Amino acid sequence: MRFLLTGVFVAMAYLAWAFNVHGVVYGPNKLGIGYANIYVKGTSNGTSANGAGQYQFDLPAGTYELVFQHLGYKQHTETVTIKADLELNVTLEEQQYEIRDVVVNASEDPALEVIRKAIQKRKYFLNVVESYSCDAYVKGMQRILEAPDRILGRKLNTGGLLSGPKNSGILYLSESQSKLYYKKPNKFREVVYSSKVSGRANGFTFNSAQNFYFNFYERNITIPFIAQRPFISPLAENTFFYYNFRMLGAYKEGEYLVNKILVTPKRKSDPCFTGVLSIVENNWNIHSLELTLTKANGIQYIDTLKVTQYFVPVAGDIWLPTQQRYDANGGALGIKGDGYYLGIFKNYIVNDINGMIPPAAKAAIVKADSVKAPKKYAKQVKKAEKQAEKLIFSEEVLKVEEKANKREEAYWDSIRPVPLTELEVSDYQLKDSIQVIRESKEFKDSTDKDLNKPGFFSILTGYSFRKQYKRIQVDFPSLLNLVNYNTV
């Protein structure tokens, strides 16, 4: 019996053990396809490739259908049985589009009828999600592509962090992992349990999953900081006053027929997007999109902003985003730069607040039998939902766990869903090394030695004595501040 139980526990541990699936998503030219979307069919569990097409994520032992997709390429499904770490490289073919068989009106493009039906379902998809929770990973990166040595006579790269050619390099690189909760109409709560900022060992990221989603089922899309007015969604009721639509074609993706539609503004200066919008036939939901704004559309501070979203079915006819990415570029005073924010969302629980709380907490409330005492059971479930809502959606909108910014590098290597690029790896190594040096006693003592030398006018202007390593600072006030004269 002892050996039997041992075998059972070993088998259970084996099934629970997560193995690493990794590889490269290639195009027909054998080059990596950046930011391809990868997920397990029938779930919202997935990840994104990085800019070089490399991907990785963990799965327990078992058999899965892995779906690889990218706008402009044919979806590829691979059935795998995972017993150990697995390297899986795939090649995506360019998408071949079919001409729609049914033309509603020979004088108009068939895309117009698809958009009309999508608009009719807009309110449904806007309101059908009462609540959800999901796991979120967000990575942000901003970099300088080129810059002059001096701006207005002052040297730009004083810290030596821009180590690339033409003073190029990463300015900001961060990652975060969190649990995101939502309840209609606008209740959000986010618990950040991992946070990493390049060059700042104790820093907290500015990434926020709750501020990351542009919902194109809304009439207007508001983008803070870069625009004073909202932008019109291609699915707004008045969209035909602002947009032109052209059917690029349709293609089969599993059991779904997807319509790929080109979206362009009627006037260049309208607050509208340009790009591609894909709509699922019959269900009329958004399948994916790649839409761009430029300065002509009214954005400020940057030249272009591109929004990319991929959706997967999570419950019935409800599709929610599994990957979102925002790419921006611009320049001023001879400086050119770009950046992106990438979000991976998975493990959705939709319209089930009671399912968001841990099973142990729920079991403490719901004790009645659903068959023998259905009324009592329903009453206890309702009570559990109210308690769960109070527990989850408190006044604390954003919570950062105490150890969020103290994770070791081994931790990040084991859970990071999107592999770092070579540039990002180099940035972490360089800035984290500089951070270690700057936090050392020797470095701080040497800077204190220079800073603590009083100047000739220190007695008049004031003086500060520092011991940075011991966090000691003594300030001597300026004598000039001691002299006052009341003119009244």
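Two strands count as paired if DSSP finds at least two bridges between them. In this predicted model, strand 12 and strand 13 meet that condition with 10 bridges, and they pair in the antiparallel sense. A good place to begin a tour of the structure is therefore this pair, which forms a hairpin with 3 residues between its two strands. Within the hairpin, Tyr 181 stands opposite Arg 189 in strand 13. Strand 13 also has a partner in strand 23: the two run parallel and are joined by 3 bridges. Here Val 191 stands opposite Lys 399 in strand 23. Strand 13 is mostly covered, with 8 of its 11 residues buried.

Stepping back, the protein chain holds 9 helices and 25 strands. Of its 488 residues, 43% count as buried. Among contacts in the chain with a separation of 6 or more, 59% are between residues 24 or more positions apart.

The hairpin belongs to an open sheet of 11 strands, with mixed pairing and the order 16-17-18-19-20-21-22-9-12-13-23. Strand 16 (243–253) and strand 23 (398–400) stand at the edges; each has a single partner strand, so one side of each is left without a neighbour in the sheet. On average, and with direction ignored, neighbouring strands of this sheet are turned by 20° against each other. At the strand 16 edge, 10 bridges connect strand 16 with strand 17 (residues 256–265) in the antiparallel sense. One facing pair in this region is Lys 252 and Leu 257, the latter in strand 17. Helix 2 (residues 110–120) packs on the sheet, where it touches strand 16, strand 17 and strand 18 (274–280). The direction of helix 2 makes about 85° with that of strand 16.

How much confidence does the predictor place in the chain? The mean pLDDT of the protein chain is 81, and 77% of the residues reach 70 or more. Among the elements of the chain, strand 18 has the highest mean pLDDT, at 96, while helix 1 (residues 2–16) has the lowest, at 39. Over residues 1–16 the pLDDT stays under 50, and the model has 6 contacts beyond four places in sequence for this stretch. Where pLDDT is low, the predicted coordinates should not be read in detail.

Attention now turns to charged side chains. Side chains of opposite charge can pair when their charged atoms come close. A search of the whole structure finds 15 salt bridges. One of them joins the side chains of Lys 184 and Glu 130, at 3.3 Å from N to O. This pair links distant parts of the chain, 54 residues apart: Lys 184 lies in the loop between strand 12 (169–183) and strand 13 (187–197), and Glu 130 in the loop between helix 3 (122–127) and strand 9 (131–146). Lys 184 has a relative accessible area of 25% and is therefore partly exposed. Glu 130 is likewise partly exposed, with a relative accessible area of 43%.

A further salt bridge is found between Glu 237 and Arg 219, whose closest N and O atoms are 3.1 Å apart. These residues also link distant parts of the chain, 18 residues apart. Glu 237 sits in the loop between strand 15 (231–232) and strand 16, whereas Arg 219 sits in the loop between strand 13 and strand 14 (220–221). Glu 237 is partly exposed at 38% relative accessible area, and Arg 219 is partly exposed at 44%.

Are the partners of the salt bridge between Arg 325 and Asp 327 buried or exposed? Both Arg 325 and Asp 327 are buried, and their side chains meet at 2.9 Å, N to O. Elsewhere, salt bridges link Glu 175, Lys 196, Glu 409, Asp 413 and Arg 416 in a network.

Finally, the cysteines deserve a look. A disulfide is a covalent bond between the sulfur atoms of two cysteines. With a cut-off of 2.5 Å between cysteine sulfur atoms, the count comes to 0 disulfides. Cys 134 has a relative accessibility of 0% and so counts as buried. Cys 272 is buried too, at 0% relative accessibility.

Terms used. Residues numbered from 1 in each chain as written. Predicted model: local features only at pLDDT ≥ 70, side-chain atom pairs only at ≥ 80, totals over all residues. Heavy atoms only, no water. Helix = DSSP H or I, 4+ residues; strand = E, 2+ residues; numbered from the N terminus. Axes fitted to C-alpha atoms, helices over the stretch in contact; angles between N-to-C directions. Contact = heavy atoms within 4.5 Å. pLDDT = per-residue confidence, 0-100. Salt bridge = Lys/Arg side-chain N within 4 Å of Asp/Glu carboxyl O. Buried < 20%, exposed > 50% of the residue type's maximum accessible area, 1.4 Å probe, protein only.
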